[in-house]
Amino acid sequence: MAHSATPARIDRPTAGEEPSIGTLVQSAMADVSTLIRGEVELAKTEISKSAKKAGIGAGAFGAAGVVLAFSAFFFFIALAEFITWLGLERWISYLIVWFLLVLVAAVAALVGRSFIKKIEKPERTVESLKDLPEVLHREEPGARRREVPTVSNGRVELRGNTSYKV
């Protein structure tokens, strides 16, 4: 423990007396306070050890990713040399490997594009931004020019019949 707190002085009854309710409550509060402080200190210690281990683990994964990325260069050079060994000219071998890499990049770009197209636009935010110029315009107290959306059973009714669930 980093530090320990000394509990408040509690008057103990003599051997023949029964302790008062106040003394018992005070004693219990001091014990609970000491217990809670100890638990908090233990939690801090455990969390700091876990965070350190997590940081080291994340760093190791990052290093592994960098080494793997650099090793890809050697793999593709070896692949081109293998194609050369099969009997093609060296420049054709490297051109084939380059084309393979461009093809993989194109497939990855198409997959990424399809995921981006699936992103839904924030319709509620767009709707509220459409009302922003109207809201920012100062109105006389009690003279409202637009209807306020109504909320009923978790559904917000906008202009007309459009609604969405909150």
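**Exercises on a predicted chain**

Arg 90 is partly exposed, at 45% relative accessible area (buried is under 20%, exposed over 50%, partly exposed in between, with a 1.4 Å probe and protein chains only). We will come back to Arg 90 in Exercise 2. The model is predicted, so local features need pLDDT of at least 70 and side-chain atom pairs count only at pLDDT 80 or more, whereas totals for chains, interfaces and linings use all residues. Residues are numbered from 1 along each chain as its sequence is written, and side-chain values use heavy atoms, with hydrogens and water left out.

**Exercise 1. Layout and confidence**

Work out how many helices and strands the protein chain has, and find which element has the lowest mean pLDDT.

Step 1. Count the elements: the protein chain holds 3 helices and 3 strands (DSSP runs numbered from the N terminus, helices being H or I with at least four residues and strands E with at least two).

Step 2. Put them in sequence order, and the pattern reads α-α-α-β-β-β.

Step 3. Turn to pLDDT, the predictor's confidence in each residue from 0 to 100. The chain mean is 79, with 70% of residues at 70 or more. Strand 3 (residues 163-165) has the lowest mean among the elements, 52, and helix 2 the highest, 94.

Step 4. Where pLDDT is low, the predicted coordinates should not be read in detail.

**Exercise 2. The salt bridge**

Identify the residue that forms a salt bridge with Arg 90, and give the distance.

Step 1. Apply the rule (a side-chain nitrogen of Lys or Arg within 4 Å of a carboxyl oxygen of Asp or Glu); the count comes to 1 salt bridge.

Step 2. The partner of Arg 90 is Glu 81, and their closest N and O atoms are 2.4 Å apart.

Step 3. Check the partner's surroundings: Glu 81 is partly exposed, at 31% relative accessible area.

Step 4. Look at the residue before Glu 81 as well: Ala 80 lies in helix 1 and is buried, with a relative accessible area of 0%. The C-alpha atoms of Ala 80 and Trp 91 are 8.9 Å apart, with these positions 11 residues apart in sequence numbering.

**Exercise 3. Aromatic rings**

Find how many aromatic pairs there are, and decide whether Phe 82 and Trp 85 are stacked or edge-to-face.

Step 1. The rule gives 3 aromatic pairs (ring centres of Phe, Tyr or Trp, the latter by its six-membered ring, within 6.5 Å; planes under 30 degrees apart are stacked, over 60 edge-to-face, the rest tilted).

Step 2. One of them, Phe 75 with Phe 76, is edge-to-face at 5.2 Å centre to centre and 70 degrees between the planes.

Step 3. Phe 82 and Trp 85 are stacked, at 5.8 Å and 25 degrees.

Step 4. Why are Phe 82 and Trp 85 separated by about one helical turn? Because they are 3 residues apart in helix 1 (residues 21-85).

Step 5. Compare accessibility: Phe 82 is partly exposed at 43%, while Trp 85 is exposed at 68%.
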